[in-house]
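Q: Please take a close look at a single part of this model. I am new to the structure, so keep the sentences short.

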Amino acid sequence: MKNYIFLILIFLFIENADADEIILKSGGKVKGIILEESTETMEVQVKSGKVRLKRDEIDSINKNPEENKEFEKEWLKTKEAPPKIAESQPKEENSRKPAPKPQPKKESQKQKAASKYKTGEIFEVKCEDKVHSYAVCLPKNYDGAKRAPVLFCFDPGGDGRNAVRQFMFASDKYGWIVVGSNDAKNGPWEPIQEAQRVMLSDIRIRFNVDNMRFYAGGFSGGARMSYTIAYKYPMYFKGVIPCGAGFGLGSIAPRVAVFQCVGKDDAAAQKEIKDVEFSLKEKRVNFKIKEFSGGHLWPPREVLEEAIDWIAKE
């Protein structure tokens, strides 16, 4: 009986317009509940059962974490509650219920929350854990209804506002959400990775984001951080823009494009980038190395604009 109720809940949830929707590169769509994800495959509960999709078949994913949580609560209730015995009801001849009237689509929680945020300028957000924080610039037309790509930015000193300031033009030009960590800074890797994990989780809950179009960029130690977050979460990241330094923890997945920037007078970084170039070629990563006039500095605006334009097309 419990299994029967669970199957009914799955059917009703998937019928609802707020279920997860996977857009395939072939043009098809799969609608259901994402049960399990890995770097290679994804398991989805659909009306007829479970299907397993390959990552390279998927173009984009429209997830609805709030609705999934509500579904899980209802499922747990059915597991805990004793099964109900249906009472027989006398049949009424020629009794027909009128067709339900179509209901207007309700605003999602993210749409309702969008009105409290500033757009087109930098502001600060405190994460749900009340410990970590980050700077944000939302596109001027952000209303929470449409999923937006996200650019994660890292400054070596943990200056989130400065990191966002370097790339905030991408918010206007491409409609990206640009964020910068205040906690990921030069030092031990454990707190850096924890700051990245908390920020990534908070952004996916707080804003309506395109989970298949995440990008990262940073300077010096922040460049290593951009490599690291894309290496650790390759299922979300499409590209990185590391400036003035090479790999952090790990290297990079072949599916992630790289626009590597380095100053012509940055002798230490120049030597390191040669090793990075060799590794990227060996892994057959789609990459571009851009030199600019100067030393160990953030690249000028025109170089970062070129980087964003290039990586947005990959």
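A: What follows is a look at the salt bridges, with a short stop at one sheet. The model is a predicted one.

The structure holds 11 salt bridges. Side chains of opposite charge can pair when their charged atoms come close. Three of these pairs are described here.

Start with Glu43 and Arg52. Their side chains meet in a salt bridge, at 3.4 Å from N to O. Glu43 has 17% relative accessibility, so Glu43 counts as buried. Arg52 reaches 47%, so Arg52 counts as partly exposed.

Now the sheet. The sheet is open and has 5 strands, in the order β4-β3-β2-β1-β5, with antiparallel pairing. Its edge strands are β4 (49–54) and β5 (58–62), and each pairs on one side only. Strand β1 (residues 20–24) pairs with β5 in the antiparallel sense, over 4 bridges. Ile23 stands opposite Ser60 in β5.

Next comes Arg206 with Asp202. The closest N and O atoms of this salt bridge are 2.8 Å apart. Both residues lie in helix α6 (residues 189–206). They sit 4 residues apart, about one turn of the helix. Arg206 and Asp202 are both buried.

The last pair is Glu306 and Lys290. Their salt bridge has its closest N and O atoms 3.2 Å apart. This pair links distant parts of the chain, 16 residues apart. Glu306 belongs to helix α9 (residues 301–313), and Lys290 to strand β13 (residues 287–292). Glu306 has a relative accessible area of 26%, so Glu306 is partly exposed. Lys290, at 24% relative accessibility, also counts as partly exposed.

One network remains. Salt bridges with shared partners join Glu128, Asp202 and Arg206.

Definitions and conventions
Residues numbered from 1 in each chain as written. Predicted model: local features only at pLDDT ≥ 70, side-chain atom pairs only at ≥ 80, totals over all residues. Heavy atoms only, no water. Pairing = 2+ DSSP bridges. Helix = DSSP H or I, 4+ residues; strand = E, 2+ residues; numbered from the N terminus. Salt bridge = Lys/Arg side-chain N within 4 Å of Asp/Glu carboxyl O. Buried < 20%, exposed > 50% of the residue type's maximum accessible area, 1.4 Å probe, protein only.
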